[in-house]
Amino acid sequence: MGRGRAKAKQTRVARELKYSSPNTDLSALQRELAGSTPSYTAPPRATDDGDDDEYSDRWSDDDADDDWATSPR
């Protein structure tokens, strides 16, 4: 018991959100839709500098002698 007030408040808040129309910045919306200069630019992508090559070469030929890798199905 005791959910009456909580449920009534949730219903009231849900109605406010559903039927109210918030103030919209139409000029910002127009700029966004027009494709003007974005305010956010993604950072440059990192490139692989090859530091892990010494480890990948070290373990590359170990798969040939694994039992599970060569077992027939």
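**Asking how the labels are earned**

A nonpolar surface patch of about 330 Å² is formed by Leu-26, Leu-29 and Leu-33. The model is predicted, so local features need pLDDT of at least 70 and side-chain atom pairs count only at pLDDT 80 or more, while totals for chains, interfaces and linings use all residues. Residues are numbered from 1 along each chain as its sequence is written, and side-chain values use heavy atoms, with hydrogens and water left out.

Student: What makes Leu-26, Leu-29 and Leu-33 a nonpolar surface patch?

Tutor: A patch is made of residues with over 30% relative accessible area and no salt bridge, and nonpolar side chains (Val, Leu, Ile, Met, Phe, Trp, Tyr) are joined within 5 Å, whereas like charges are joined within 9 Å. The areas come from the Shrake-Rupley method with a 1.4 Å probe, and for residues only the protein chains shown count as cover.

Student: Why is Leu-33 called exposed or buried?

Tutor: Buried means under 20% relative accessible area, exposed means over 50%, and partly exposed lies in between (1.4 Å probe, protein chains only). Leu-33 has 68% relative accessibility, and therefore it counts as exposed. Leu-33 belongs to helix α2, which covers residues 26-34, and 0 of the 9 residues of α2 are buried, so this helix lies largely in the open. Just after α2, Gly-35 takes a positive phi of about 85 degrees.

Student: How do you know which helices and strands the protein has?

Tutor: Helices (H or I, at least four residues) and strands (E, at least two) are DSSP runs, numbered from the N terminus. By that rule the protein has 4 helices and 0 strands, and the pattern along the sequence reads α-α-α-α.

Student: What makes the contact of Arg-12 and Glu-16 a salt bridge?

Tutor: A salt bridge needs a side-chain nitrogen of Lys or Arg within 4 Å of a carboxyl oxygen of Asp or Glu. The side chains of Arg-12 and Glu-16 meet at 3.0 Å, N to O, and the structure holds 1 salt bridge. Both residues lie in helix α1 (residues 4-19), 4 residues apart, which is about one turn of the helix.

Student: Why are Arg-12 and Glu-16 called partly exposed?

Tutor: Arg-12 has 44% relative accessibility and therefore counts as partly exposed, and Glu-16, with a relative accessible area of 42%, is partly exposed as well.

Student: How do you know whether α1 lies in the open?

Tutor: Of the 16 residues of α1, 0 are buried, so this helix lies largely in the open.
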